[in-house]
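Hi,

Here is the structure I promised to pass on. Have a look at it first, and then read my notes underneath.

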Amino acid sequence: MHGISKNRIPTLFGLLAGVAFLSTLPAHAAHATTPPANVENGRYLARAADCEVCHTEEGGTPYAGGRAFNLPGIGVMYAPNITPDKTAGIGAWTDQQFVDAVRKGISPGWKHLYPAMPYPAYARMSDAQVRDIRAYLATLPPSAQKTPENSVRFPFSIRSFMVFWNILNGPASSYPDDPGKSAEWNRGRYLVEGPGHCGDCHTPRTLSFGLDSSKTLGGSPVNGWRAYNLTSDKLSGLGAWSDQDLAQYLSTGHADGHGTASGDMADVVGHSLRYLNAQDIHAMVVYLRSIPPLRTEADLVERKTPPAGDSTLPQTTRGARLYASACAGCHTADGTGRQSSFGTITGARSLGADNGRNLVQVLVQGSGMQTATGVQIMPHFTGGGLSDRDLADIASFVMTHFTTATPHNMEQAVRDAKQAP
């Protein structure tokens, strides 16, 4: 913290004089009135913060909680109900209690939240902005759905320990704009580091489960998937992307030459980023461009572009024949989406990076994304007569057909993906 010079420390006389002066003011002048909350701004910020995804179980009522977060070595946590129900939700909370929970990680009764709730990032929002989110949530239909009890291992089950975690890892706070940077850069920093909380997935964790500031946005495994490097590195990050491609990917979930978002990133695009206006998407691009390059070996992949046309598909391997029968109907031999551009996979980092981790996850778990034109679905291939070896062979073929990666232990990779949270 910056020191305070002695000549700025008020004297006792000055303090007493100030108190005496305030006591002579009318009550409405001495106590500033909190401006009314802006519901529409709250809706926008709730989407920017991706609240619905985390607080909605699969197929459940939006914002009614119940989504399980399986944290290896820690246990299972469930997102709470944040609808305005007064018993099961947050309807009985005061605005200040909501602000404290979102920005400080402290809910009513001095109950410390776990950082699965990204309050260190949300602390970048102001009290007024968080009150706007509360005002929007108050307009939702209340749900009486009860949140399951967390199943957290000792010593993580002792919530009071979060006091020490906060000392080490946050929460942060809102900060003023950097006068040396453009308005777009400052807005982009706010969105990426604040409500967007991009670092919570794309930054590796330390031994204390805090974000590793030495590897900010350098990529990290999350829930069995790979959250890729977002720094400006040209080989393992976003440095080789054009501004247009990056803006298109963020706002739609797809950019030709870079593939389509899947897994958790598909949820982020479908429920959050696609609702941001073009100016904010551009601001995020401007800020991401400024992140110092960080080389991440797991995210390195050299792409290959097969010749166009179905006749170019090699049939000499088992994986190639399986791809021809199970995949080429949508993705064709050269990786071009047949029914939709979202099916175009050429150039996608997921086809080879980190031993094809995300490719295998898609084959095993599938993926779906809400878009402006409906839901784009990649079905999973588990069951239906395909064995672990079949999936491993498909993944191996895709990796070698579209990238220069060398697959290894792919059947084990398939089994690992099936056991992922």
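One thing before you start: this is a predicted model.

I began with Asn166, which sits in helix α8, the stretch covering residues 162–169. Asn166 has a relative accessible area of 12%, and because that is under the 20% cut-off, it counts as buried. As for what surrounds Asn166, leaving aside residues up to four places away in sequence, it touches Lys104, His112, Tyr119 and Pro171.

Then I went through the cysteines. How many disulfides does a search of the whole structure find? Zero. Take Cys201: the nearest cysteine sulfur belongs to Cys54 and is 8.2 Å away, so with a cut-off of 2.5 Å Cys201 is in no disulfide. Cys201 is partly exposed, at 29% relative accessible area. And why is there no bond for Cys330? Its closest cysteine sulfur is in Cys327, and the 8.7 Å between the two sulfurs is too far for a bond. Cys330 is also partly exposed, with a relative accessible area of 40%.

Now for the overall picture. The protein has 18 helices and 11 strands. It consists of 421 residues, and 44% of them are buried. If you take the contacts between residues at least 6 apart in sequence, 63% of those join residues at least 24 apart. The accessible surface adds up to about 21,400 Å², with 58% of it belonging to carbon and sulfur atoms.

Over to you, and shout if anything is unclear.

Cheers

How values were computed. Residues are numbered from 1 along each chain as its sequence is written. This is a predicted model: local features need pLDDT of at least 70, side-chain atom pairs count only at pLDDT 80 or more; totals for chains, interfaces and linings use all residues. Side-chain values use heavy atoms; hydrogens and water are left out. Helices (H or I, at least four residues) and strands (E, at least two) are DSSP runs, numbered from the N terminus. Buried means under 20% relative accessible area, exposed over 50%, partly exposed in between (1.4 Å probe, protein chains only). Contact means heavy atoms within 4.5 Å. Accessible areas come from the Shrake-Rupley method with a 1.4 Å probe; for residues, only the protein chains shown count as cover.
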